[in-house]
Amino acid sequence: MKNVSSVNRILIAVCSLLMISAYFTPLWQISLWAPQYPEGLNMKIWIDRLSGDVDIINGVNHYIGMKHIGVEMFPEFTYLIYVFGFIIGFGILAAIIGKRWSLYTFFSMIAILGLGVLVDMYLWGYDYGHNLDPTAAIKVPGMAYQPPLIGYKELLNFLAYSGPDTGGWILALVGTVLLYAVITEVMKSKKEKVLA
Amino acid sequence: MKTRLWLLAGATLAMALATGCKPKGAQSALSGDAASKVYVAPGQHDEFYNIVSGGFNGQMSVVGLPSGRVFKAILPVFSVHPENGWGFSEETKPMLNTSHGFVPWDDLHHIAISTTNAEHDARWAFGNANNTPRIARVDLTTFKTVEIIEIPNSGGNHSSPFITENTEYVVAGTRFSVPTGDDASRDVPIDTYKENFKGTISFISVDKDHGDMEIAFQLEAPPFNFDLARAGKKKSHGWFFFSTYNTEMAHTLLEVNASQKDKDFIMAVNWKKAEEYIKQGKGKKVKAKYAHNKWDEDTHMATSVIKEEVLSLDPRELKDIIYFIPCPKSPHGTDTDPTGEYIVGSGKLAAIIPVFSFTKMLQAIENQDFEGSVDGMPVLRYESVLHGEVEKPGLGPLHTEFDGRGNAYTSFFVSSEVVKWNIETLQVLDRVPTFYSVGHLMIPGGPTGKPHGKYLVAYNKISKDRYLPTGPELAHTAQLYDISGDKMQLLLDFPTVGEPHYAEAFPASLIKDKQVKFFPLEKNKHPRAAKGINDARVERDGNKVHIYMTTIRSNFRPDNIEGIRVGDEVYFHVTNLEQDWDVPHGFAVKGANTAELLVMPGETATLRWDPDRVGVFPFYCTDFCSALHQEMQGYIRVSPAGSNVPLKYSTGLTE
């Protein structure tokens, strides 16, 4: 197996280190606006906790029978810190190893993590929006309240937004940079094959 | 290779931002002429009086429309008002008497302005006390509370004080059902709610000439929560409609337990039928203790009488008084349109607004088109009584008013908007946002047979960022809309006093020339009035000292008083000798545990003062009355208990 270029090797190291930011910045955000909340309600999802107007959002949503959002709702919070730790550790290792397979594995891990988080978010959103308390005060026939995965969606009198926050954007950047590294290595290897 | 990288990064960013455009919400643009529409030039008068409930301050306020200017921030009704001595002066204390004794505060939610032939005559404004159930009547020539009647067998007098079209009755439906009767039948476990609790509806008759109220009869309705009410008018005169919730009859966690049924009821009451039964002697006198307080304009004092019984009617036995109309999801407002044909139920948790037809209701009753019964009282079939449903009107409908041109306007708390719709076709015609979360709305004459459909006021529950902030507690806010055109137009935001719920407005011309300017001294029958400066005196009666004091620009008589002892009860009976408009005098004395007095021209008012220490204490006029107002003052000397300093009083003498 061939070595990666020294540029890519540095990129792998930088990306690994950038991922440490996930412990200090929010990864995802959900915002809600309504006529009486012109300034919006904002909830931030961190690697192991929630912050922002969670209590107010819970207060508003319980009328339509949505579940109470809390840390206990996300088992992910208990293991995500280890998953990130493992991937970061592997990234640093990959930079040291400096082989193409280590880059590809590192990239795959991040890609799977990213995809996994999105799938997980979707499944949570589906359950949160559909699985309503049958004794709720307000029941609008045929209405579900699944938040958007990414972007905006109107839900009754609320406009909802869901999207990455600082940490999420950094992860997206990491993924993009690594994708670039992967592409350059793949192209290089193709050239080598042609030459061979 | 480098270009490739940037392209890739750019593409990723573009994809991320593609979903990032925030859709534009409904913006309410103020058009340029809004200011001129609410501008009332200096010295000019507003077109409408707006009598506004003060909610948790227990009072009313008086506002002009369209300017939103406040003329009377507090017209004291159920709460004490130290500013003018309401509830502190000896004359006004009986007004706040109840079967529980003196109650210094209440929660006033709704206003009803008196009507004749379903049109405002604006002789009186009625207000409800929500907490310790009472109804007050305010005289609109003096803007003074002149009568308060307590409602027995009630808890949470919310479904009140709505009136019939000739002000024959003002009603009081209980929000909380409670056990009634003797001590044994009231001391019951709360979980025997369904068996032992009663939802009483009181009909209080109003004397057509003088306004005096009496509890005519009480209906023993099922233990639902009665929320709001409206009388039928014109063709539906003789009927009264009450919205109900908690027909689940829950007694705990109502937020969940009272929201389970798809339909609650609007209770239709045939009060003419009830009158017939009373004439036939079918009513039953039952023991019930309540206070009835009246203000006397001649003696300038109130009297409180405790009454012992009410006439009760049992609609389970006396047929045809009560019918139930099913209405979706905990109806809040129930409103009848100006013709009296349509009854609008606003189910606060419902996704539609049902409109019922009075004609169809009568038909359904005649055809016995019932879908069930509650304790022997028929439940009419929903579809048979329904005129139609307004589809997708908004979220959280609460109240509806009318413009007299065939349109209805409903307030939506949850979606924070006012929606205009056509009563006949049930089509939604327009919607405007409110800032924020509107509760009641009001059109001048809106609940009567003759609305003045020019303005609409939304009384909002949330203010947030509308004004300069004032810490955690913000002014409640109202918005004025022009509704004279096809589209509603926001004209004005104005802060309000207290926490307004309902309000009513009527043309200023109805009462502005009938205002009392002062009270003629010769008609003053107060037993302790000093009708001239020669009557000014001080009298001792045991440890009670009565000071008969006069005020005129700018002196008190007497203004030097001696011979008072620690432990005395001192009564300042202050008569204002002025006989001109807008010359009240104030009276305040150091260390008073009461308040001040504001005495209107020709009036006598009494402040009790209990001197607790030896010394010389100043008193002065608190209402800037003349150029020499600051000279309007006096001294009262207090000697030790048992002192033999003689009782002495004077004005203007130097020894």
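Which radius of gyration does chain B have, and which would a compact globule with 655 residues have? Keep that in mind while we set up the tour.

This is a predicted model, in which local features need pLDDT of at least 70 and side-chain atom pairs count only at pLDDT 80 or more, while totals for chains, interfaces and linings use all residues. Residues are numbered from 1 along each chain as its sequence is written, chains are lettered from A and ligands numbered from 1 in the order in which they are written, and side-chain values use heavy atoms, with hydrogens and water left out.

**Stop 1: chain B as a whole**

Select chain B. Its radius of gyration is 29 Å, which agrees with the value near 26 Å for a compact globule of 655 residues. (The radius is taken over C-alpha atoms, and the globule rule is 2.2 Å times the number of residues to the power 0.38.) Along the principal axes, the C-alpha trace of chain B spans about 100 × 85 × 45 Å. Color by secondary structure and you will find eight helices and 44 strands in chain B. (Helices, H or I of at least four residues, and strands, E of at least two, are DSSP runs numbered from the N terminus.)

**Stop 2: three backbone details in chain B**

Zoom in on S160(B) and P161(B): the peptide bond from one to the other is cis, with omega near 0°. P161(B) sits in the loop between β9 (144-150) and β10 (169-173) of chain B.

Next, select R553(B) and S554(B), which are joined by a cis peptide bond with omega about -5°. Look for S554(B) in the loop between β35 (544-552) and β36 (555-557) of chain B.

Now go to A122(B), in strand β7 (residues 119-129) of chain B. A122(B) is not a glycine, yet its phi is positive, about 55°.

**Stop 3: chain A as a whole**

Switch to chain A, with five helices and five strands. From the N terminus on, the elements run α-β-β-β-α-α-α-β-β-α. Chain A is more spread out than a compact globule, because its radius of gyration of 21 Å is well over the 16 Å that the globule rule gives for 196 residues. The C-alpha atoms of chain A fill a box of roughly 70 × 30 × 30 Å along the principal axes.

The unreviewed UniProt entry annotates residues 12-34, 79-97, 104-124 and 166-183 of chain A as "transmembrane region". (Positions follow the numbering used here, feature names are shortened, and annotations may be inferred rather than shown by experiment.) Select residues 79-97 of chain A: the span is 100% helix, with its end C-alpha atoms 27 Å apart. Residues 104-124 of chain A are also 100% helix, with end C-alpha atoms 30 Å apart.

**Stop 4: helix pairs in chain A**

Show helix α1 (residues 6-18) and helix α3 (residues 76-97) of chain A, which pack at about 165° with axes 8 Å apart. (Axes are lines fitted to C-alpha atoms, for helices over the stretch in contact, and angles run from 0 to 180 degrees between N-to-C directions.) α1(A) and α3(A) are therefore roughly antiparallel, a label for angles over 145 degrees, with under 35 being roughly parallel, 65 to 115 roughly perpendicular and the rest oblique.

Finally, add helix α4 (residues 100-130) of chain A, whose axis comes within 8 Å of that of α3(A) and crosses at roughly 160°. α3(A) and α4(A) are therefore roughly antiparallel to each other.
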